[in-house]
Amino acid sequence: MRILKPYLLIAPAILGIMLFTVYPAIKMVFWSFYDVNQLNPAKTKFVGMKNYVKIFHSTDFVKSLKNTGIYTLWTVVFIMLCAVVLAIWLGRKKDKFSKFTQAAMFLPHIISMISVGLIFAQMMGVNNGLLNEILVAVGLERCQWTQSSSTALMSVILVAVWKAIGYYTVIIMGSLQSIPDSIYEAAALDDASKLTTLRKITIPLISPQLFFTLIIMTIGSFKVFETIRVMTAGGPNNSTNSLVYYVYQQVFTKYDIGRAAAGGTVLFIIVGILTILYFALLSKKVHYQ
């Protein structure tokens, strides 16, 4: 019984994962090879790779794939760089203002993404939005923000970075506080510059947390949906359409379950390949104390 006890304790969690993660993923891959008719399951028929051929010949899917890649790249780069810089800057300050700043930065993370999207959608209004009023007040021209194909995607990226940066800053700050002061004291005795200390000591010692945040951010960025749904609905001209939003459109507006499943499977494969590449290329550079 003692041998079975640990497995019994984790059984509810494993059951939940199997029911709500593993089974839907298997079902999605299965449906991607079928022309699904949910009203009359008897008319569901096997079509092989036809759904994949359709989506890769669809300009909407190709555009959503490109947008998702651009969104992920810029979001991950901006958040990672800003979080590291802010964590190092705030970590050196021990006053009350620093604690207030940390709490203020973390606050956006606990706010619903729907609420954040609605607030920024109003702030980015072309005629009476707060951000444009600020630009006019300092003598700059109004920006189209989400109303133009050239600026809509970057506007969504800006909102995503604003919401997530505080959360990852706190994670990195926690890892910085675990570094012994004696290491920095030894570096100071060796006359190491601040840049050398950052490159040779700080970054290697927090590399496990950086590696974790890199994977989490990449997966989360590929799954972007709420921001786009609330702020742009994929527009204008599909300039902000993402893979998840494309799947949503196929299911709830075009009722093409097979094509939606194919799109979801492609997303699943891309995220899996990126995760494997991260482990293959970066895991050996992660320094564990």
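## A helix-rich chain, briefly

The accessible surface of the protein chain adds up to about 17,500 Å², and carbon and sulfur atoms hold 68% of that. Keep in mind that this is a predicted model. The protein chain carries 13 helices and two strands, and its C-alpha atoms fill a box of roughly 75 × 70 × 35 Å along the principal axes.

**Overall packing**
- Of the 289 residues in the protein chain, 37% are buried.
- Take the contacts in the protein chain with a separation of 6 or more: 65% of them are between residues 24 or more positions apart.

**Annotated transmembrane spans**
- An unreviewed UniProt entry lists "transmembrane region" for residues 7–26, 71–91, 103–125, 145–165, 201–222 and 260–281.
- Residues 7–26 come out as 100% helix and 0% strand, with the end C-alpha atoms 24 Å apart.
- Residues 103–125 are 83% helix and 0% strand, and there the end C-alpha atoms lie 28 Å apart.

**Helix 7**
- Helix 7 covers residues 152–177, and at 1.5 Å a residue its 26 residues should span 38 Å; the end C-alpha atoms are indeed 38 Å apart, so the two agree.
- There is a bend of about 35° in helix 7, at A164.

**Nonpolar cores**
- The largest nonpolar core has 35 residues, and Y71, I172 and L176 are the ones touching the most other members.
- Two or more residues of this core come from each of helix 3 (59–91), helix 7, helix 9 (194–205) and helix 10 (207–222).
- Helix 7 is the top contributor to this core, giving ten residues.
- Setting aside neighbours within four places in sequence, I172 contacts A83, V84, A87, I206 and L210.
- Another core, of ten residues, lies apart from the largest one; F222, L243, Y246 and A262 are among its members.

**The loop between helix 11 and helix 12**
- P236 sits in the loop between helix 11 (226–231) and helix 12 (243–252), and the peptide bond leading into P236 from G235 is cis, with omega near -10°.
- A233 is in the loop between helix 11 and helix 12 too, and has a positive phi of about 55° although it isn't a glycine.
- With 38% relative accessibility, A233 falls between the 20% and 50% cut-offs, so A233 counts as partly exposed.
- N238, again in the loop between helix 11 and helix 12, is another non-glycine with a positive phi, of about 60°.
- N238 is partly exposed, at 24% relative accessible area.

Note on methods:
Residues numbered from 1 in each chain as written. Predicted model: local features only at pLDDT ≥ 70, side-chain atom pairs only at ≥ 80, totals over all residues. Heavy atoms only, no water. UniProt positions renumbered as here; feature names shortened; annotations may be inferred. Helix = DSSP H or I, 4+ residues; strand = E, 2+ residues; numbered from the N terminus. Expected span 1.5 Å × (residues − 1). Bend = angle between axes of the 7 residues up to and from the residue. Buried < 20%, exposed > 50% of the residue type's maximum accessible area, 1.4 Å probe, protein only. Contact = heavy atoms within 4.5 Å. Areas by Shrake-Rupley, 256 points an atom, 1.4 Å probe, with all protein chains shown as cover. Core = buried A, V, L, I, M, F, W, Y, C linked by side-chain atoms within 4.5 Å.
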